[in-house]
Amino acid sequence: MNIVSDLRKAIKELLADKKIDLFIGWEKGSLPLSATPLFITSEDEADRAVFDITCGNNLSIYFTKDRKQFADKKVGIAVKGCDARSVVLNILEKQIDRENVVIVGVPCHGVLDKKKVLAKTDGREVLELTDNGDTVTVIGKGYELSFDRSEILSSSCLACIYPDAQEYDMFVGEPRAEVPNENRLKEIKEFEALSTSERWAHTREEYEKCIRCYACRNVCPSCYCNVCFVDQNDPGWIGNTCEFTDSIIFHVIRNLHVAGRCVECGACARACPMDINLLLLNRKVAWEVKDRFGDIAGLDINGKPAMVDFREDEKQDFIMG
Amino acid sequence: MNMVRLDKQKFDDFIRELSAEYSVYAPGKVGGKTEFIPVEPGDETDFTSPVTDMSPKGIFFPPAEVLFEYDEDGVRAAETSHRPIAVWGMRSCDARSLVMLDRVFGSAIQMPDDERFQDPYWKEKYDSSLIFGFACNEPLSTCFCNWFGGGPHNRGGMDVFVVDAGNVYLMEPVSDKGIEIIGKLSCLTDAAEEDEALAAKLASDAESMMTASPDTDGLGERLTALYDEPIWEEISAKCVNCGACTFSCPTCHCFDVQDEGRGKKGKRVRIWDSCMFPIFTMEASGHNPRVLSRERVRQRVMHKYSYYPENYEEVLCTGCGRCVMVCPVNLDIREVLKKIIAYNEQVI
Amino acid sequence: MKLPMKDNKKNSVLVLGAGIAGIQASLDLAEMGVEVHLVEETPTIGGRMPQLDKTFPTNDCSMCILAPKMSECVRHPLITLHIMSGLKNISGTPGNFICSVIERAKYVDPVKCVACGLCEEKCPVKIEDEFDVGLRKTKAISRYFLQSIPSEYTINKNHCLYLTKGVCKLCEKVCPTGAINYDDQDKEIELNVGAVILATGIDPFDPIGFGQFGYHRYSNVVTSLEFERMLSASGPFGGHVEKASDGKPPKRLAFIQCVGSRDEGINRNYCSSACCMFAIKQSIIAKEHSKELEATIFYMDIRAFGKDFDKYYDKAENQYGVQFKRSKISEIKELSDGSLDLKYTYENGDIQHETFDMVILSIGLQPRLGSRELSKNLDIRLNRFGFCRTDTFHPLKTTREGVFVCGAMNSPKDIPESVISASGAVANAVKYLELERYDPSTGSEEIKEKDVTGERPRVGVFVCHCGINIAGVVDVKNVAEFAKGLENVEHSEDVMYACSTDCLETIKQRIEEHDLNRVVVAACTPRTHEPLFRDTISEAGLNPYLFEMANIRDQCSWAHMNEPEMATEKSKDLVEMGVGKARGLVPLARLPIDIDPEALVIGGGLSGMTAALAIADAGHDVYLIEREDVLGGNMRDIFFNFNDSDPQEFLAETIEKVENHDRIRVLMNSIIEEIAGFVGNFRTVLKNSAGEREELTHGAVIVATGGNEHETAEYLYGESSRIVTQKEFERMLHEGKFPPGKLKEVVMVQCVGSREEGRMYCSRICCSKAVKNALELRKRKARVNIYFAYRDVRTYGFAEEYYSELRDRGALFFRYTLENKPLVSKIRPDDPDSRIRVTVFDPVLEKDVVIDADLLVLATAIDAPEENLKLAKMLKVPLNSDGLFLEAHVKLRPVDFATDGIFVCGLAHGPKDMSESLAQAKAAGSRALTFLKKKSILAEGTIAEVRTDRCTGCGYCEEVCAYTAIEVDPEEGVAVVNDALCKGCGACVASCRCGALDLRGFTNGQLFSVFDSLELEASEGI
Amino acid sequence: MSEWQPKILAILCNWCSYAGADLAGVSRMQYPPNIRVVRVPCSGRVDPLFIMKSLQSGFDGVLISGCHPGDCHYISGNYVARRKFAVLKPLLEFIGIEPDRVQFSWISAGEGERFATVVTKVTEDIRKLGPSTKLVKKL
């Protein structure tokens, strides 16, 4: 079975049957480490569609772009597990009409993090990449390197338990349900084991790097406010300079704004030009949401988003006795 | 003036001598990313990639710069160090970018001497600065400096041109300031003829590594003609307006001014802005002439390749390729330009 | 607010008793535009509820839920309070009564008293505190309890040294405002009213002299009311229960049920209805206070018959580990260490001993002391227990026309039933009035409001001394001086009593002199005084919302009496924060929302018809929707009553009234397809059986969709003509058509489908219904043997008497458990008329008893109709887990939904009997009238607003709003606030990531300004 | 005042906790004068950013108090709020803010004594931590 050819076939059929006006997928990019989003409106374009380790983009972001740009269109979309959860969340949040979207799942084995690859090459440019399954080979000017797939996967993928869509209309291949992952909480637990001052030192170091470019926010499929709170100035919620407290508060509030909504796709971390470990806090929040409320963002299309729901007998250990 | 050479073993001495008068910046690693940071003798520098992750524009035009402070006693200028800045290791593309920025901040073209149109914050730093530019011996696949009049060994915007020649750095003063400083530094020796030959070879080798440029003649006018064409929709379709391109770009220079205050104390700060952001041109009335992504993408492209050249006869792009590298959706500006050129030919 | 014409008997009602029932009745009346005289015996309104710590089954804090109603009541311009007053007599005729009211002397001028408490501190006379049931001392001059309303002090003339012996006068000396008036006299006034509502409530049973349980002899035997005060955080022990014997916390508690209830020997052969739940609640709360504590409840039957009560009972037993022991206490002995030895007997005769640290007597409810005298004075009759007499079909009418009763005065009641009866009594009372629809949005004396738009804030600060209450601790002058230096403060001064009439004048003057456009008063708490100051500034032409208070008394000077410097610093900060908030205040308007006068009643059963009549009788058009082709609902199957009145006759009368009422339009065979809109402005689309659609517009909705008899598959139901439900049995009795052959042995099985998995609730009426039918059977066939298999007999209230009667008449009772249900088989399996063999375990004899029954009658549960879900979705109102409509608040808003303008009554709300349904239906009508009587209602000023440019329409606001007051417009994709429904809590605002929402009066900007207003000594950053 | 005194912002809901604070005063219960109270209609009104902003402004600690579960005057505002706090509190601890800086409680209108106890405890906790530094913005 060939995923890519099956995917192309599926897209063509959808277009041919007029089930969709548009399909959003990926195609090979101009650089070896990045695929690029592809908007397919005709069957012949479907042959450009690919799916591989470089297809990191969470395409659901295009639904909310320009204030629901596809509101009147029937749109098909290729999704990995995390992307599917974004689509579901967008449906729950009335950004997408379930009727108007055809969700096509593709089996995901993780996407690469360019920065991790470049760390492996000591910053040397990569000119070619081959995915061998368990290993990945990269070739550049004067070098060829192979390494374990896990070494260059996005951190988000390393802790993933839903690699495949749980809500879909079609699936290319065999979808997997929840996949056990012993690393799911590893990073969180390790960080929690540090002392308060060690944790603070790390936070300080990480978030002092922030240049407030908002790439994290802008690539986030859950951040689709018309005007982000940080950009509002009547009243001004928070300072926009690179002053540290403003930066950390911006990030903490953003973490809370995506609480119960973050699908841990890792787009923010991959987009961060300063390489801040943004996922750590997002994951912590996602874990608290799971642990306390039993919710995983975008998993249950019949559910309610966690932060607008409640149970009377919820754990309230943080309230003074 | 001829080239001089700096033995790499004497690099610390060089920095030490330079530091006597200048705050010295050089590429270094901060949290895994390369950017221009203040260095001291003995500090490690990082030249792994010809293109630092962050461009050097932040040295002269910081992401957040305090313009003035106020309290109950009145308004005061922000405190600065007033030490001149020397930058070591700035590639051709980046050195050229400073010239482009200086056209904007340094003066107004119509009234170059009118102080009202000069940005004192920029001028104070840039006018007294010393740029040790760095030749690119091994340009990257993403480099396209040759498209717009640059090149890996271009000397534009530099005070001293430096070639990495193995064990030595070969230096060639470019400006008066460069001549002066070369004359002052004691750790330098005169270069030999073979050194100059090597430099020339490295230059031609580097040139040959560059990809061919499309026909960029009259790009500005061509763009103007395309202003209302539907092509912008196609170009911008995948853009998520993250702004990574503008933040990493050495020539993007849009800024916003914010007041930070509490009670009777506060300051006014200039911060980088980005035309990619939805509120970029939001007006106080609430009206926004560039609501849609494609309008903002068009703005960025037009500004760089049409509006700026209209004023300064040079595009506002040095071809450093950073935006190509950082774009999370691989929206490659080179492809965009090629597309525009092709479309233009097809339409007109 | 425009007040309807005063002193008009046609427009006023006297309410006697200001407990929760009296308060509810007064508020409902006043909201309909009726002038109310609320006459209360004690110095405060509130009645019994303030004495309670928590309420079951939600463990709500009693005071938290009551306090807002108390302040609403005391502030309502149409309610005149007569505290420390009594009703001497009523003369005249219904619609034109003259009531003589005695107002007793208070000896403190309520206008001057600022409730500072100095008098009480200095008063030398200590007396037992009535409110804390003698558990603490109070003084001869006191406030009734700390949160009493009104807050003014009164002198107890029986104990005051000056009034009794002519010496002392200490209170007069210390009173900073000269409020003491020893010459105060009792006054008699006459009030001309159209109707009277009595709500004098109950007294707790007094076990003194009821020697058996050692109350007052053994120090660790207390009543449940005393225990409640002990549990209460604001009680005499601050919520730390301790034994009187040694002051240590008790480890083992015993609750003894039915003390003063279900006891023929002392003429209390009725069930007090609330004590079982009360004890369960107390055991849960006590265990929450201390995990190790053990609690045992000794009982006869656990009567957890209310909505969600059984779940609470289950929680107590299985989650909290409360022990329930069905047994009789035969003796209590005090041991040397003060602990108590209980001797008790199980139903099988086993005698046990157990030692407890504390014994709580679950005392019953009894008629108020003096109710006989009152009944004579008012010429109303009482029942044999001394409760006010009413009848099944007129549960809120006394024997005197025009005089109505509510609350527990006519039968023991829990809070929600009291509230229901109060609203219900109002529906009766308004029939004697002539009410016009009125418009609260038209002001009577219009003061031109100053437009402050665009003006720079010019804040005036007034810092109150409150005598020495504030100034004794805080350097008030210093604070006022400090305020002068704050940005935007135009004027600042210190004043002796900010709330005094002359100071209010001063404030108005300063507004004028300094052209102030914001006012900050630093004084006591905004919870009591904000309305007064708001009124004041609006009299000076400022919008009332341009006001802010700094609480430097209750939350500063009183709490930091020994730290004057720090208290002064804190006061300055609070003033600065107040100014910070004030700076950003903007005028807010309360916009009128028009109200359609018609009502829609869904369901043509007894409840629906009654509600429709209540509204129609008050002069409003009603649409009564019935899905079937006949009115009457479940009542068509009810033929008997405990007394001899005939339900069918009453039903026929009711149907006739409905069908002939010129204001009721009955729409039969109709179902609702769509309901849209909101309070005052509903639009409903109906479809009748012919498929024709009709659109109705109306201002209110009453849900009276009823309930269904559970269709059981248990006990071989349906397999023999001799197995019937109680409903079928009642018809059998009525028609006299019994199964063929002799009818000698009749078995009744209770709780068929109720109180078990899938239906964890008690169907409430089945025990009484079965007892009723059993007695009826006995009347007809005296020689029939009746066997009664039950889990708990829940004949609450006066039905208890009939239960005893049935026992006396020889019916045999077998208690079964869920694990040991009666076994049923057909003697001849193939015979559809086979007799039935019932095997039931007898816990008294401890063996199985086999009965070959001629008839097996099953008390099947009451089910919520499945269609409830559809209707609930259309109305956007919630259902509970059992599918019953969920009211806004189980205690205090039992017929309301959180969404204004929609009400519920009858079985749709939960199982209940005819009287209860009638009361609730009237209550629903009455609650609807509180809206319908207004031509318009005023939206709140502090409500949410949307900035549509920022809204992404994600719908989070919609999800968190408890009032359906905000919705995403599907067309525009942005949220829209319904001003009429928004209560201003701000939950949507804080849940809006986009910053598209804000809460007027508490905007983000205003609050940021408060957080940022202090210059804090920022420490060095790391 | 020579000794350092923490300043603590207390955001209280109008119907329960603010009333409880009033009751503490009416009952003359004494507690440390370090809190500065802001009244909001409901704990549901509290945006986590309020807490962050007040720490940034230099408050040494923040106390948020609302009605007990089930007591909310607005039916469910405190439940909605509770989820926000349930995420904020562990997140703040996670990034290295001292757990006691930001505290939450439920205080009913009848719990004057509890209000005094809570404020005393919060004040002492924060006094032990010393002045807040981590999130304070220097201007």
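Student: How many helices and strands are there in chain D?
Tutor: This is a predicted model. Chain D holds both kinds of element. The count is 4 helices and 4 strands.

Student: In what order do the elements of chain D run?
Tutor: Start at the N terminus of chain D and read on. A strand comes at the start, and a helix follows. The run is β-α-β-α-β-α-β-α.

Student: Why is chain D said to be as compact as a globular protein of that length?
Tutor: The globule rule gives 14 Å for 139 residues. Chain D comes close to that value, so it is as compact as a globular protein of that length. Its C-alpha atoms fill a box of roughly 40 × 35 × 25 Å along the principal axes. The radius of gyration of chain D is 14 Å.

Student: What percentage of the residues of chain D count as buried?
Tutor: A residue is buried if 20 or more other C-beta atoms lie within 10 Å of its own. Chain D has 139 residues to test. The buried share is 82%.

Student: Among contacts in chain D between residues at least 6 apart in sequence, what share joins residues at least 24 apart?
Tutor: Take the contacts in chain D whose residues are at least 6 apart in sequence. Then keep those that join residues at least 24 apart. That share is 83%.

Student: Which element gives the most to the side of chain C that touches chain D?
Tutor: The contact takes 60 residues from chain C and 59 residues from chain D. Elements giving two or more residues to the chain C side include α2 (62–75), α13 (526–539) and α15 (564–583). By class, that side has 32 nonpolar, 17 polar and 11 charged residues. With 7 residues, the top giver is α15(C).

Student: Which strands are the edge strands of the open sheet in chain C?
Tutor: The sheet has 3 strands in the order β32-β33-β34, with antiparallel pairing. An edge strand pairs on one side only. The edge strands are β32 (670–678) and β34 (693–698) of chain C.

Student: Which residue stands opposite S670(C)?
Tutor: β32(C) and β33 (residues 681–688) of chain C pair in the antiparallel sense over 8 bridges. The partner of S670(C) lies in β33(C). That residue is N688(C).

Student: How far apart do the C-alpha centres of the two domains of chain A lie?
Tutor: Domain 1 of chain A covers 3–113 + 153–308, and domain 2 covers 114–152. Their contact takes 11 residues from domain 1 and 13 residues from domain 2. The domain 1 side divides into 6 nonpolar, 2 polar and 3 charged residues. The distance between the C-alpha centres is 24 Å.

Technical notes
Residues numbered from 1 in each chain as written. Chains lettered and ligands numbered in written order. Predicted model: local features only at pLDDT ≥ 70, side-chain atom pairs only at ≥ 80, totals over all residues. Domains from an automatic or database assignment. Contact = placed C-beta atoms within 7 Å. Nonpolar A, V, L, I, M, F, W, Y, C, P; charged D, E, K, R; others polar. Pairing = 2+ DSSP bridges. Rg over C-alpha atoms; globule rule 2.2 N^0.38 Å. Buried ≥ 20, exposed ≤ 12 C-beta atoms within 10 Å, placed from the backbone.
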